[in-house]
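Thanks for having me today; I would like to walk you slowly through one structure, so please have the sequence and the model open as I talk.

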Amino acid sequence: RKTGQVHARHGEEQISPEVLGRIAAQTAKQVIMQRIREAESAHIYEEYVGQKGQLVHGMVTRREEAGRGRGGYVVNLGRVEAYLPATRVIPGEELRVGDRVKAIIEDVRMEGGRVRIILSRTSNDFVKRLFEQEIPEVADLTVEIRAIARRPGTRCKVAVTSNDARVEPTGACIGVRGTRIRNIIEQLGGEHIDVVRWHPAPDAFVKEALQPAEVKEVLLFQQLGRAAALVTKDQLSKAIGKSGHNVRLASLLTGWDIEVMTHEELNTTLAKAEEALQEIPNLTPEQVARIIEDGFWSFSDLSCAEPEYLAQLLGISM
C-alpha cells in the first residue's frame, strides 16, 4: 500500500507481473473491484437492516416510471440510495426532484449482489416515528402509543396512554393550541389525526375510538367480536364519519367490529332477529332470547359459531 509494488503468486510460486500481461491485469482488477463492491454491499446491508422501521431523511433524485401507474422515486440518503414506491407515497402527494422527504425504512434486502432499501410514507410506523420526533413525552415513553389505525392521506386515529399520572396523554400530543399535532399533520400532507385515550376496558376504548362522536353505551359480544355503539340521532353521522371512515378506523384501532346505531335501530334489529330465529324448529323462547343476548342476530351470525358453543349456550347435548 505504501510503495504500490505488486506481488503476484500462484500457489507457492512467485510470478513477475510483467509476465502476466494486460489481460491478466484487467482480470485481476475486475475481481478486486467485484470483491470491493460485495464487501461494501455487505457492510451497507448490515448497517441498514438493523434500521427497519426507523425514520430517515433524504432528497428525491429521480422518478422511475413503470407500467400501470406504478414506479416510484429514488431517494438519496447520503451514503446510499433508497427506493420509495409510488404505492408507499401518501395519496395526493406530488414529489419532485430536489424535494426533501421523510420516510421510514420498510424493508432491506439483497438483490443481485446489491442492497435495495425500500421506504414508506404510508406505514403506521411512519406516524409513530413522527410522534416520537415532535413530542418529547412520546420519545421518552412518558406517553405511550398503544395503537394506530390509518387511511393514508385522509384520516388517522392514534390511541395513547400515560405512564405518569401527572401527564395527560392526549393533551401532551396535541400541544398548546394544537401546535404539536399541527406539525405532524403538515408532514402527512394534511391528513386529519384523532388522538384518543387508550383504555384497558374494551367498551370504554370503543367509546374513545369513536370520537369526536359521543357514545351513550357500548354492548360487547365476545363470540362475534362485535361491538354495538349506541348513539343519539344527532351523533349518528358523526360516529359513522364521511364515507364511513370514522367507524372503520375505530374498528381497526380497537380490534372490534363496531356497528353504530341508535336505541330505536337496536330495538328494531332485535325484534327482527327474534322474529327470524323463532322460525327455527324446536327452539324455545328462552333459547331464542339467549341467542339474541349473545349477539347472534341473524342466520349468518349463527353460521360463524362453533357447534359446541351453541350447544352449551342452548343447554343441549351434542
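Let me begin with the cysteines, and with the reminder that this is a predicted model. The number of disulfides found here is zero, where the rule asks for a pair of cysteine sulfur atoms within 2.5 Å. Why does C173 have no bond to C156? The closest cysteine sulfur to that of C173 belongs to C156, and it is 11 Å away, which is too far for a bond. As for their surroundings, C173 counts as buried because its relative accessibility is 0%, whereas C304 counts as exposed, with a relative accessibility of 56%.

Next, please find the open sheet of three strands, which run in the order β11-β12-β13 with mixed pairing. The edges are taken by β11, residues 217-221, and β13, residues 257-261, and each of them has a single partner strand, so one side of each has no neighbour in the sheet. On average, neighbouring strands in this sheet are turned by 20° against each other, if we ignore direction. Strand β12, residues 226-230, pairs with β13 in the parallel sense over five bridges, and A227 has I258 of β13 as its bridge partner.

Finally, the largest pocket, which holds about 560 Å³ of space. Its lining is made of 21 residues, and those nearest the centre are S41, E81, R114, V115 and R116. Two or more lining residues come from each of α1, β3, β5 and β7, and α1 gives the largest share, six residues. By character, the lining divides into ten charged, seven nonpolar and four polar residues.

Methods: Residues numbered from 1 in each chain as written. Predicted model: local features only at pLDDT ≥ 70, side-chain atom pairs only at ≥ 80, totals over all residues. Heavy atoms only, no water. 1 Å grid on protein atoms, 1.4 Å probe; cavity = no way out; pocket = protein on both sides within 12 Å on 5 of 7 lines; lining within 4 Å. Points joined across faces, edges and corners; volume = space filled by probe spheres on them. Helix = DSSP H or I, 4+ residues; strand = E, 2+ residues; numbered from the N terminus. Nonpolar A, V, L, I, M, F, W, Y, C, P; charged D, E, K, R; others polar. Buried < 20%, exposed > 50% of the residue type's maximum accessible area, 1.4 Å probe, protein only. Pairing = 2+ DSSP bridges. Axes fitted to C-alpha atoms, helices over the stretch in contact; angles between N-to-C directions.
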